[in-house]
Amino acid sequence: MPLPVFYGGHMSTEVYEITANAKINLFLRVTGRLPNGYHKLYSIMQEIGISDDLKITIGEGTSGIEVVCPGRADIEPEHNLCYKAADRFLSKLKKKTLSEGNSFTSPHIRIDLTKNIPSESGMGGGSSDAAAVLVVMQEHFDSPFTEEELAGIAVNVGADVPFFLYGGTCLCEMVGEQITPLNHLEGLPLVIAKPKGGVSTPLCFKMIDSNPLPDFDEGAYAGFVNELDSRIGKGEDVLPFIAANEDLLINDLQAPGIECVPEIATIIQRFKDNGAAYTAMTGSGSAVFAMFPDKESAKSCADKLKEDPDGSKWMLIVTETI
Ligand code: C5P
């Protein structure tokens, strides 16, 4: 997560600007079911270079949280994950401040959000926005919470939110709150394709529940993660290693994702036909990412797909891991 830029402000109002990057899941295994209906996961999440922009104004005045998101009137402000993040942070802060015998006045918080990350894509846009709000509030209120406490607030807002407090490359386990930062896999060229149809995350997980959980060889994955981390640390080109492990790197949500949006399968095939070294659906879809050895081949694939009768209907983004 990039650091917020503080712009000062008038009187007791302070303004922060921050970008919130998207993610992809290199692989995503569903390893268990929890009594609350959530699932245990084992996944590598990777920050990528497409982002939403947030301007967060914190000041005195009428207390309350306002989320302004032009062009997204369909999301009710109270249902926006930014609202949820600010609300959870403030209620925890109020509890902590009062328990220490101090008084607490709720501030006015206005969040201006410019969305670039597509919704229902599995790219974590809403979760990243929420993490950005938590990072700014933690800074504004002089770090009232420990790293663990902040991750606890984050996972209550959404399962992917704790990852975005770290960013880069991380192994994410349990519901999403157990994060192991790895060496950052930076600068790997990507093309993302997002079909018009989105996938509902709860529905995708529900579809997983209609079958026995797939086999999961934790040892094989731990071996892969350690080896990948060590190769990144040595500055090696890891794309051939990722491609060689294609059979291991499963996204358990991909099959239900394809059932919801069959075009996902077409995108994967089209990426393979156009030189992708590795391609998979991210998260619960419906976006698909493809990894390329260099920027030129990523761009040439995107250019070809733009001319393709199917590809011309997809949102195509050329970017890289960061
Ligand atoms: O936490 P978040 O709101 O992102 O999750 C959306 C939905 O995805 C949850 O309501 C739940 O149905 C499902 N989910 C899950 N297990 C996870 C993460 C999400 O079952 N670890």
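These are my notebook entries on the ligand site and two backbone details of this structure.

**Entry 1: the model.** I am working with a predicted model, so every value below is computed from its atoms.

**Entry 2: who surrounds the ligand?** I listed the neighbours and found Gly37, Tyr38, His39 and Leu41 from one part of the sequence. Further along come Gly158, Ala159 and Val175, and then Thr201, Pro202 and Phe205. By residue class, I count six nonpolar and four polar residues in this shell, with no charged ones.

**Entry 3: polar contacts.** I looked up how oxygen atoms of the ligand pair with the protein. An N or O atom in the side chain of His39 sits 2.6 Å from a ligand oxygen. Ala159 takes part through its backbone, with an N or O atom 2.8 Å from an oxygen of the ligand. For Tyr38, a polar side-chain atom is 3.4 Å from a ligand oxygen. I also checked the cover: the ligand taken alone exposes 450 Å², and the protein buries 76% of that.

**Entry 4: the pocket and its walls.** Which pocket does the ligand take up? I find that its space is the largest pocket. Two elements, strand 3 (39–59) and helix 5 (201–208), give two or more residues each to the shell around the ligand. Helix 5 gives the most, with three residues. Going up to the domain level, I see at least three shell residues from domain 1 (5–181) and at least three from domain 2 (189–214 + 250–320).

**Entry 5: backbone details.** I then turned to the backbone. Where is the cis peptide bond that I noted? I traced it to the step from Gly285 to Ser286, with omega near 15°. Ser286 belongs to the loop between strand 9 (278–281) and strand 10 (288–291). I also marked Asp142, a residue other than glycine with a positive phi, near 60°. Asp142 is in the loop that runs between helix 2 (125–140) and helix 3 (147–157).

Methods:
Residues are numbered from 1 along each chain as its sequence is written. This is a predicted model: local features need pLDDT of at least 70, side-chain atom pairs count only at pLDDT 80 or more; totals for chains, interfaces and linings use all residues. Side-chain values use heavy atoms; hydrogens and water are left out. A residue is near a molecule or strand if one of its heavy atoms lies within 4 Å of it. A polar contact is a pair of N or O atoms within 3.5 Å; within protein, one must be able to donate a hydrogen and the other to accept it, and residues adjacent in sequence count only if both atoms are side-chain atoms. Accessible areas come from the Shrake-Rupley method with a 1.4 Å probe; for residues, only the protein chains shown count as cover. On a 1 Å grid over the protein atoms alone, a cavity is a set of points where a 1.4 Å probe fits but cannot get out, and a pocket is an open set with protein on both sides within 12 Å along at least five of seven lines; lining residues have an atom within 4 Å of a point. A molecule sits in a cavity or pocket if more than half of its atoms lie within 2 Å of its grid points. Helices (H or I, at least four residues) and strands (E, at least two) are DSSP runs, numbered from the N terminus. Ala, Val, Leu, Ile, Met, Phe, Trp, Tyr, Cys and Pro count as nonpolar, Asp, Glu, Lys and Arg as charged, and the others, Gly among them, as polar. Domain bounds come from an automatic or database domain assignment.
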